[in-house]
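Work through these exercises with the structure open beside you. Try each task before you read its solution.

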Amino acid sequence: MKKFVCHTNTLQDHQTYGFQIDLGNEELDIIVLRQGKEIRAWLNHCPHLGIPLNWQPDKFLSLEGTHIQCSTHGALFTLEEGYCIAGPCRGQSLIALQTEVDSDGNLYLLLQQ
Ligand code: FES
């Protein structure tokens, strides 16, 4: 299954965005990060308590912008892998999602269903 997320020209470099993807019977809460030409996506689900990472829309980065940070207990995740390097869920990872950008620049989420 392929779900439209947004057009990539709405994503600024080195910024994170939260999206709710409608799956019919549920919504998927996701994080999208743009770094240059790289676009990465994860479930917005902290491995520590299974709750959303952010408390403000689209705000997932640490103050320095070097990591994704959980707003509840401060866990830090790498921008490349979503791997937790500090905090209560150290050693665990965010759940990575597959994406695709078509020739018109539309970003899609690829789901195995
Ligand atoms: S809920 Fe994310 S670090 Fe505790």
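The exercises below go from the whole chain to single strands and residues. The model is predicted.

**Exercise 1. The chain as a whole**

Task: Find how many helices and strands the chain has, and judge its overall compactness.

Solution.
1. Count the elements: the chain holds 0 helices and 9 strands.
2. Read them from the N terminus: the order is β-β-β-β-β-β-β-β-β.
3. Take the radius of gyration, 14 Å, and set it beside the 13 Å from the globule rule for 113 residues. The two are close, so the chain is as compact as a globular protein of that length.
4. Add the dimensions: along its principal axes the C-alpha trace spans about 40 × 30 × 25 Å.

**Exercise 2. Burial and contacts**

Task: State what share of the residues counts as buried, and what share of the contacts links residues 24 or more positions apart.

Solution.
1. A residue is buried if 20 or more other C-beta atoms lie within 10 Å of its own.
2. By that cut-off, 24% of the 113 residues are buried.
3. Now take the contacts with a separation of 6 or more. Residues 24 or more positions apart make up 39% of them.

**Exercise 3. The sheet**

Task: Give the strand order of the open sheet of 6 strands and name its edge strands.

Solution.
1. Walk across the sheet: β1-β9-β8-β4-β3-β2, with antiparallel pairing.
2. Look for strands that pair on one side only. These edge strands are β1 (2-7) and β2.
3. Check the twist: neighbouring strands are turned by 35 degrees against each other on average, direction ignored.

**Exercise 4. From β2 to β3**

Task: Describe how β2 joins β3, and find the residue with a positive phi in their hairpin.

Solution.
1. Locate the strands: β2 covers residues 15-22 and β3 covers residues 27-35.
2. They run antiparallel, joined by 8 bridges.
3. Pick one pair: Phe19 has Ile30 in β3 as its bridge partner.
4. Go to the hairpin, with 4 residues between the strands. Here Gly24 takes a positive phi near 95 degrees.

**Exercise 5. From β3 to β4**

Task: Follow β3 into β4, and say which residue in β4 is the bridge partner of Ile30.

Solution.
1. Strand β4 spans residues 38-43, and 6 bridges tie this strand to β3 in an antiparallel pair.
2. The hairpin leaves 2 residues between the strands, and Gly36 in the turn has a positive phi of about 60 degrees.
3. Leu33 stands opposite Arg40 in β4.
4. Ile30 pairs with Leu43 in β4. On the β2 side, Ile30 is the partner of Phe19.

Note on methods
Residues numbered from 1 in each chain as written. Predicted model: local features only at pLDDT ≥ 70, side-chain atom pairs only at ≥ 80, totals over all residues. Pairing = 2+ DSSP bridges. Axes fitted to C-alpha atoms, helices over the stretch in contact; angles between N-to-C directions. Rg over C-alpha atoms; globule rule 2.2 N^0.38 Å. Buried ≥ 20, exposed ≤ 12 C-beta atoms within 10 Å, placed from the backbone. Contact = placed C-beta atoms within 7 Å.
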